[in-house]
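Student: I am new to this one. Could you walk me through it, step by step?

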Amino acid sequence: MDLVELQDIIERTYGDRDRERGVSATVAWLAEEIGELAQAVRKGTYEQQVHEFGDVIAWVATLANQQGIDLTVAAERFAAGCPKCAALPCAC
């Protein structure tokens with residue numbers, strides 16, 4: 001699945017609920033999921049880590065949808081390597 005597909009699926013699955021929840025609450029949920037990911041990385045199994053990475057990606061897609069951001073466009077900053085020095089690997 002690519003980022004366009006993910007954003008579309010998230011929108012069709014949760015879009016109405018996401019808009020009702022609002023951006024501030026979505027940011028709070030994303031922060032909570034990042035905390036759960038951190039714990040899974042430190043102490044969890046591979047399966048728990050995969051689960052939490054998926055949750056974080058889904059919440060990032062939700063927030064991007066709410067803000068009208070195309071994640072493919074956002075990710076293009078890194079297409080040539082480091083966005084600051086344009087080197088691959090980074091030479092900063």
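Tutor: Happy to; we will start with the whole chain and then turn to how its helices pack.

Student: What order do the elements of the protein chain run in, from the N terminus on?

Tutor: A word first: this is a predicted model. The protein chain has four helices and zero strands. From the N terminus on, then, the elements run α-α-α-α.

Student: How many of the 92 residues, as a percentage, count as buried?

Tutor: As a setting for that, the C-alpha atoms fill a box of roughly 45 × 35 × 25 Å along the principal axes. A residue counts as buried under 20% relative accessible area. Of the 92 residues in the protein chain, the share that meets this is 24%.

Student: Are helix 2 and helix 3 roughly parallel or roughly antiparallel to each other?

Tutor: Take helix 2 (residues 23-43) and helix 3 (residues 46-67): their axes come within 9 Å and cross at roughly 160°. An angle over 145 degrees counts as roughly antiparallel. Helix 2 and helix 3 are therefore roughly antiparallel.

Student: Is the crossing of helix 2 and helix 3 left-handed or right-handed?

Tutor: Let us look at who meets whom before the answer. Helix 2 brings residues including Thr26, Leu30, Ile34 and Leu37, and helix 3 brings residues including Phe53, Val56, Trp59 and Thr62. The residues of this contact divide into 13 nonpolar, six polar and four charged. As for how helix 2 passes helix 3, the crossing is left-handed.

Student: Is Thr26 buried or exposed?

Tutor: Thr26 lies in helix 2. Leaving aside neighbours within four places in sequence, Thr26 is in contact with Asp18, Arg21, Trp59, Thr62, Leu63 and Gln66. Its relative accessibility is 0%, so Thr26 counts as buried.

Student: Which side chain makes a polar contact of 3.0 Å with the side chain of Thr26?

Tutor: There are two pairs to look at here. The side chain of Thr26 makes a polar contact with that of Arg21 at 3.2 Å. The 3.0 Å polar contact of the Thr26 side chain is with the side chain of Gln66.

Student: Which residue has a side chain joined to that of Thr62 by a polar contact of 3.5 Å?

Tutor: Thr62 lies in helix 3, and its 4% relative accessibility is why Thr62 counts as buried. Leaving aside neighbours within four places in sequence, Thr62 is in contact with Ile10, Asp18, Arg21 and Thr26. Of these, the polar contact of 3.5 Å with the Thr62 side chain comes from the side chain of Asp18.

Student: Is helix 1 roughly parallel or roughly perpendicular to helix 3?

Tutor: Helix 1 (residues 3-21) packs with helix 3 at an angle of about 70°, and their axes are 9 Å apart. Angles from 65 to 115 degrees count as roughly perpendicular. That is why helix 1, relative to helix 3, is roughly perpendicular.

Student: How many nonpolar residues does the contact of helix 1 with helix 3 have?

Tutor: Helix 1 passes helix 3 in a right-handed crossing. Among the helix 1 residues that take part are Leu6, Ile10, Asp18 and Arg21, which meet helix 3 residues including Ile57, Trp59, Thr62 and Gln66. By class, this contact has four polar and four charged residues, and its nonpolar residues number seven.

Technical notes: Residues are numbered from 1 along each chain as its sequence is written. This is a predicted model: local features need pLDDT of at least 70, side-chain atom pairs count only at pLDDT 80 or more; totals for chains, interfaces and linings use all residues. Side-chain values use heavy atoms; hydrogens and water are left out. Axes are lines fitted to C-alpha atoms, for helices over the stretch in contact, and angles run from 0 to 180 degrees between N-to-C directions. Helices (H or I, at least four residues) and strands (E, at least two) are DSSP runs, numbered from the N terminus. Angles under 35 degrees count as roughly parallel, over 145 as roughly antiparallel, 65 to 115 as roughly perpendicular and the rest as oblique. A crossing is left-handed if the near helix is turned anticlockwise from the far one by less than a right angle, and right-handed if clockwise. Contact means heavy atoms within 4.5 Å. Ala, Val, Leu, Ile, Met, Phe, Trp, Tyr, Cys and Pro count as nonpolar, Asp, Glu, Lys and Arg as charged, and the others, Gly among them, as polar. Buried means under 20% relative accessible area, exposed over 50%, partly exposed in between (1.4 Å probe, protein chains only). A polar contact is a pair of N or O atoms within 3.5 Å; within protein, one must be able to donate a hydrogen and the other to accept it, and residues adjacent in sequence count only if both atoms are side-chain atoms.
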